[in-house]
Amino acid sequence: MSIFDSLGGGAPQGPTGPPRCSRKGCRADATVQLLWNNPKIHTPERRKTWLACGEHADWLENYLSERLLFKERLPLVDPAPGTTT
């Protein structure tokens with residue numbers, strides 16, 4: 001028995017449905033991944049990911065770039081059926 005069992009609800013469940021844009025208030029489906037890291041707290045090879053819809057991808061990339069955090073922009077590819085991410 002873990003501490004989470006005593007709190008009820010068991011282990012936290014992940015989100016369901018298609019990936020959504022990371023822009024605050026946006027509920028659109030994501031189409032790209034924006035990879036970034038904060039060199040003050042992350043090792044150079046670590047990559048954090050924000051997801052973006054077509055409307056907000058440039059805005060989010062610019063936000064990260066202005067703070068010298070942006071690393072790479074990649075298309076969001078659906079995982080193959082039967083795999084987990």
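This passage walks through the fold, the sheet, the cysteines and the aromatic residues of a predicted model.

Starting with the overall layout, the protein has two helices and three strands. Read from the N terminus, the order of these elements is α-β-β-α-β. Of the 85 residues in the protein, 21% are buried. As for the contacts with a separation of 6 or more, 49% of them come from residues 24 or more positions apart.

The three strands make up an open sheet, in the order β2-β1-β3 and with antiparallel pairing. That leaves β2 and β3 at the edges with a single partner strand each, so one side of each has no neighbour in the sheet. From one strand to the next, the twist averages 25 degrees. In general, the strands of a sheet are held as pairs by backbone hydrogen bonds, in either a parallel or an antiparallel way.

Strand β1 covers residues 32-36, and four of its five residues are buried, so the rest of the structure largely encloses this strand. On one side, β1 is joined to β2 (residues 48-52) by five bridges, with the two strands running antiparallel. Here Trp-36 is found opposite Lys-48 of β2. The pairing of β1 with β3 (residues 70-75) is also antiparallel and also spans five bridges. Two positions help to place this second pairing by eye: Leu-34 has Arg-73 of β3 as its bridge partner, while Leu-35 stands opposite Glu-72 of β3. As a rule, side chains in a regular strand point by turns to one face of the sheet and then the other.

Next come the cysteines. The disulfide count is zero, with a cut-off of 2.5 Å between cysteine sulfur atoms. Cys-26 is in no disulfide, and its nearest cysteine sulfur belongs to Cys-53, 3.9 Å away. Cys-53 is likewise in no disulfide; for this residue the nearest cysteine sulfur is that of Cys-21, at 3.8 Å. As for exposure to the surroundings, Cys-26 has a relative accessibility of 11% and so counts as buried. Cys-53 counts as buried too, because its relative accessibility is 5%.

Turning to the aromatic residues, the structure contains three aromatic pairs. One of them is formed by Trp-59 and Tyr-63, whose rings are stacked at 5.6 Å centre to centre, with 15 degrees between the planes. Both residues belong to helix α2 (residues 57-66), where they sit four residues apart, or about one turn of the helix. Neither of these two is fully tucked away: Trp-59 is partly exposed at 41% relative accessibility, and Tyr-63 is partly exposed with a relative accessible area of 30%. Trp-59 and Tyr-63 also share one aromatic cluster with Trp-36 and Trp-50. Trp-36 is the residue already met opposite Lys-48 in the pairing of β1 with β2.

Both rings of the stacked pair also have an arginine over them. The charged end of Arg-23 sits over the ring of Trp-59, 3.8 Å from the ring centre. Over the face of Tyr-63 lies Arg-67, at 3.6 Å from the centre of that ring.

Note on methods:
Residues numbered from 1 in each chain as written. Predicted model: local features only at pLDDT ≥ 70, side-chain atom pairs only at ≥ 80, totals over all residues. Heavy atoms only, no water. Buried < 20%, exposed > 50% of the residue type's maximum accessible area, 1.4 Å probe, protein only. Pairing = 2+ DSSP bridges. Axes fitted to C-alpha atoms, helices over the stretch in contact; angles between N-to-C directions. Phe/Tyr/Trp six-rings, centres within 6.5 Å; stacked < 30°, edge-to-face > 60°. Lys NZ or Arg CZ within 6 Å of the ring centre and 35° of its normal. Contact = heavy atoms within 4.5 Å.
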